[in-house]
Amino acid sequence: MTARGAVTQQVQDRLAFAEDVARRAGVLALRYFRERDVLVVETKGQQDVVSRADREVEDLIRGALAERFPNDGFIGEETGGDGSYASGPVWVVDPIDGTQCFLSGLPTWCVSIGLMVDGGIAAGVIVDPCSEECFVGAVGGGAACNGRPIAPADVADFRSGLTEVGFSFRVPKAPTVSFIDRLIDSGGIYHRSGSGALGLAHVAAGRYVAYIEGHMNSWDSFAGAALVLAAGGWINDLTANDGVTGGAIVMASGRRLAEQFYALAGEAGYDLPEPPPEFAR
Ligand code: IPD
Ligand code: CA
């Protein structure tokens, strides 16, 4: 982690604990991954599956956080929320992001623990057990992967690297297809790992130049968003318009690419939020 001067003690204490919990959750998830042949898979929706592994990993995380910080709020993919998200510390948890990859035997899945404070995204931890990587970051305090500081790619165009384009059946396909078309015309390459949380961690680490998805839930995106912000990147405001409970479009990149990225997403037909003030010409 780089300078932590701007990060409150409240956030620092929680982030240190969350890192330990996420690592333990990663060990449990990896055990299930290696024995996934015996997992019973249930379908929650179109291309949306879950197994005992997701539930047990979330139980581990939720139990540990509740024991150490009993007054904090919580929302998780598998066990839901407690309704108190507007003030104080709130944990936003996806026990296994990239569940379809996990169950298909692909290594691109992760444990994702985000922290909000007073309605704003404050910190996040993402553990990628198959790559043995742990991403940690606090907004205003820098971000690191396995202890080494990370930063988004400092590029001004899409030609310089990979852009991850996520998709789910929660939104119409047309903007995604149009964005890929325009990205290729801009000299970019699309990539799809199957874990949006990990995709955002990889933007924070400069491995992707950008990430876009028409809709992500808070548990899939808040920890990754914290890493992007902590590392000095740009991401749209995921908390606006009840984003904690309803989710949001997600666009993340380095700061030099952000305005062009936003414009390309608009041309592709994504339902965009108002441009942030720093984009005003
Ligand atoms: C999904 C993954 C996927 C993204 C979806 C998410 P899950 O989460 O992050 O990459 O495209 O929007 O729902 O179901 O694997 O936890
Ligand atoms: Ca999940």
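Two strands are taken to pair if DSSP finds at least two bridges between them, and helices (H or I, at least four residues) and strands (E, at least two) are DSSP runs numbered from the N terminus. This is a predicted model, in which local features need pLDDT of at least 70 and side-chain atom pairs count only at pLDDT 80 or more, while totals for chains, interfaces and linings use all residues. Residues are numbered from 1 along each chain as its sequence is written, chains are lettered from A and ligands numbered from 1 in the order in which they are written, and side-chain values use heavy atoms, with hydrogens and water left out.

Here are my notes, with the strands to start.

1. Strand β3 (residues 73-76) is a nice place to begin. Gly73 and Ile75 on one side, and Phe74 and Gly76 on the other, are all buried, so both faces of β3 are covered (buried means under 20% relative accessible area, exposed over 50%, and partly exposed in between, with a 1.4 Å probe and protein chains only). As background, side chains in a regular strand alternate between the two faces of the sheet.

2. Which strands does β3 pair with? It runs parallel to strand β5 (residues 89-97), joined by 4 bridges. Within that pairing, Phe74 has Trp91 as its bridge partner, and Ile75 stands opposite Val92. Strand β4 (residues 80-81) pairs with β3 in the antiparallel sense over 2 bridges, with Gly80 as the bridge partner of Gly76. The connection from β3 to β4 is a hairpin through 3 residues.

3. Do look at β5 itself: 9 of its 9 residues are buried. Besides β3, β5 pairs with strand β6 (residues 110-117), in the antiparallel sense and over 7 bridges. There, Pro89 has Val117 in β6 as its bridge partner.

4. Further along the chain is an open sheet of 5 strands, with mixed pairing and the order β12-β11-β13-β15-β14. The edges are β12 (189-191) and β14 (234-235); each has a single partner strand, so one side of each is left without a neighbour in the sheet. Inside this sheet, β13 (residues 208-216) and β15 (residues 248-253) run antiparallel and are joined by 5 bridges. Tyr211 faces Ala252 of β15 in that arrangement.

5. Helix α5 (residues 196-204) packs on this sheet, touching β11 (162-166), β13, β14 and β15, where contact means heavy atoms within 4.5 Å. The direction of α5 makes about 150° with that of β13; axes are lines fitted to C-alpha atoms, for helices over the stretch in contact, and angles run from 0 to 180 degrees between N-to-C directions. Helix α8 (residues 258-268) lies across β13, β14 and β15, at about 145° to β15.

6. Asp220, in helix α6 (residues 218-231), deserves a second look. What is the nearest side chain of opposite charge to Asp220? It is Arg170, 4.5 Å away, and Asp220 is buried yet has no salt bridge. For charge, Lys and Arg count as positive and Asp and Glu as negative, with His and the chain ends not counted; a salt bridge is a side-chain nitrogen of Lys or Arg within 4 Å of a carboxyl oxygen of Asp or Glu. Leaving aside residues up to four places away in sequence, Asp220 touches Glu77, Asp94, Asp97, Arg170, Gly196 and Ala197.

7. How many salt bridges does the structure hold? There are 9. One of them joins the side chains of Asp20 and Arg24 at 3.3 Å, N to O. Both residues lie in helix α1 (residues 9-34), 4 residues apart, about one turn of the helix. Asp20 counts as partly exposed because its relative accessibility is 37%, and Arg24 is likewise partly exposed, at 39%.

8. Helix α2 (residues 52-68) holds both Glu56 and Arg52, again 4 residues apart and about one turn of the helix. Their side chains meet in a salt bridge of 2.9 Å, N to O. Glu56 has 29% relative accessibility, so it counts as partly exposed.

9. I would end with Glu133 and Arg207, whose salt bridge has its closest N and O atoms 2.8 Å apart. This pair links distant parts of the chain, 74 residues apart: Glu133 sits in strand β8 (residues 133-138), and Arg207 in the loop between α5 and β13. Glu133 is buried because its relative accessible area is 17%, whereas Arg207, at 39% relative accessibility, counts as partly exposed.
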